[in-house]
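Please open the model in a viewer and keep the sequence panel visible. The tour below proceeds by selection, from a single residue outward to its surroundings.

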Amino acid sequence: MNRCFAWSVPVVAAGLVLSGCSSDKAGEDTASSPSSASETSTSAAAAESNPLADTAATEYKAYAVAQIDELVGAVKVLTDAVRANNLKAAQDAFAPSRMPWERIEPLAGLVEEIDGKVDARVDDFAGVDDPEFTGWHRLEYLLFEKNTTDGGAPFADQLDKDIATLKEQFATVEVKPIDVATGAAELIEEVSEGKITGEEDRYSKTDLWDFDANLQGSQAAVDKLKPALEKADPALLGKINDGIAQVFGTMAPLRKGDGWVLFCPENPEFPSPLCPAVTVTPQVVDALKAQLAGLSENLSQVAGVLKLS
């Protein structure tokens with residue numbers, strides 16, 4: 001801090017001193033003007049939006065809206081079967097009902113509290129009988145662990161209501177370019193760090209349906225960001241697309257009809273009578289882990305490369 005002390009000098013001298021201080025201050029202001037102007041210019045440039053990324057956000061929200069529309073119908077197939085006490089139909093509908101959600105889960109999570117209501121696992125509650133434990137995994141427990149639809153109707157009704165709330169509230173959600181970039185990364189990170197253990201669909205063993213949907217959703221986000229990435233870092237875009245293709249290639253032999261084999265790895269963390277034999281070998285699990293880790297790392301760079309915040 002600059003100070004001028006002139007308490008003991010005559011008044012005229014004091015005036016000169018004060019005048020000198022004033023001149024010094026003015027000089028400092030003048031000298032600092034170019035720097036201030038430069039900082040303002042830099043801030044304005046940083047705040048400038050990326051039109052290509054803005055378009056990606058608009059298009060990805062439209063994609064999410066279409067997925068939510070599909071979700072409403074797919075969930076109703078499941079919940080109608082539960083209410084009709086048709087166990088086989090409900091079991092068959094469980095995995096397909098989740099796929100539209102899994103494609104857009106990070107964006108859907110922008111609707112407050114929705115994830116905890118429809119997709120929380122039993123680990124987040126006091127136990128399987130906790131009344132707060134609702135959504136897909138409460139129904140999954142009944143359908144696959146208890147092998148029944150008994151007691152499922154209230155949870156089916158609640159799932160329908162919660163998905164209807166998602167549809168209604170998502171219409172007003174603002175999707176920003178950063179949400180597209182981080183969403184693509186989060187979908188893969190979720191598989192890489194969690195779902196690969198079999199924790200998500202531990203009762204039904206339908207994890208590969210979720211893997212597939214997460215990859216599809218991430219690919220859709222990358223596709224929307226493609227024009228921006230082609231301009232900013234085409235090499236990174238190439239690595240990401242190659243990484244997604246590699247994971248799909250590793251999963252391809254696990255296809256079964258229109259769906260997938262049950263996720264039954266060796267020495268599973270979550271054993272189940274649905275898994276009398278290994279369907280996903282250690283070699284495949286290891287390959288998926290390595291490929292997903294690499295893909296996750298590349299996707300984590302997208303927001304930075306596009307200067308999104």
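Select Leu-142 first: in this predicted model, Leu-142 has a relative accessible area of 11%, and it counts as buried because that value is under the 20% cut-off. Leu-142 belongs to helix H5. Display its surroundings, leaving aside residues up to four places away in sequence, and the residues touched by Leu-142 appear: Asn-147, Thr-148, Asp-150, Gly-151, Gly-152 and Phe-155. Then draw a C-alpha to C-alpha distance from Leu-142 to Gln-91; the two are 51 residues apart in sequence and 9.9 Å apart in space.

Extend the selection to the whole of H5, residues 136-145. Nine of its 10 residues are buried, so the helix is largely enclosed by the rest of the structure. The buried set includes charged side chains as well as nonpolar ones, among them Arg-138 and Glu-140 beside Leu-139 and Leu-143. Which helices cover the buried residues of H5? The cover includes H2, H3 (87-108), H4 (114-118) and H6 (153-170). Following H5, select Asn-147, where phi is positive, near 60 degrees.

Next, colour the largest nonpolar core, which has 83 residues. Leu-78, Trp-136, Leu-166, Phe-170 and Leu-208 have the most contacts inside it. Helix H2, residues 51-83, supplies the largest share of this core, with 12 residues. Centre on Leu-208 to see its contacts with Met-251, Leu-254, Trp-260, Val-261, Phe-263 and Val-280, again not counting residues up to four places away in sequence.

Move now to Thr-206, in the loop between helix H7 (177-193) and helix H8 (207-232). Is this loop residue buried or exposed? Thr-206 is buried, with a relative accessible area of 6%. Its side chain is joined to that of Ser-204 by a polar contact of 2.7 Å. Beyond four places in sequence, Thr-206 touches Phe-94, Ala-95 and Asp-201.

Finally, show the second largest pocket, with a volume of about 220 Å³. Thr-206 and Ser-204 are in its lining, together with Lys-88, Gln-91, Asp-92, Ala-95, Pro-96, Phe-144, Trp-209, Leu-262 and Leu-274. H3 contributes the largest share of this lining, five residues. Colour the lining by class to find six nonpolar, three polar and two charged residues. Earlier stops recur here: Gln-91, used for the distance from Leu-142, lines this pocket, as does Phe-144, one of the buried residues of H5.

How values were computed
Residues are numbered from 1 along each chain as its sequence is written. This is a predicted model: local features need pLDDT of at least 70, side-chain atom pairs count only at pLDDT 80 or more; totals for chains, interfaces and linings use all residues. Side-chain values use heavy atoms; hydrogens and water are left out. A nonpolar core is a set of buried Ala, Val, Leu, Ile, Met, Phe, Trp, Tyr and Cys residues joined through side-chain atoms within 4.5 Å. Buried means under 20% relative accessible area, exposed over 50%, partly exposed in between (1.4 Å probe, protein chains only). Helices (H or I, at least four residues) and strands (E, at least two) are DSSP runs, numbered from the N terminus. Contact means heavy atoms within 4.5 Å. A polar contact is a pair of N or O atoms within 3.5 Å; within protein, one must be able to donate a hydrogen and the other to accept it, and residues adjacent in sequence count only if both atoms are side-chain atoms. On a 1 Å grid over the protein atoms alone, a cavity is a set of points where a 1.4 Å probe fits but cannot get out, and a pocket is an open set with protein on both sides within 12 Å along at least five of seven lines; lining residues have an atom within 4 Å of a point. Grid points are joined across faces, edges and corners, and a volume is the space filled by probe spheres set on the points.
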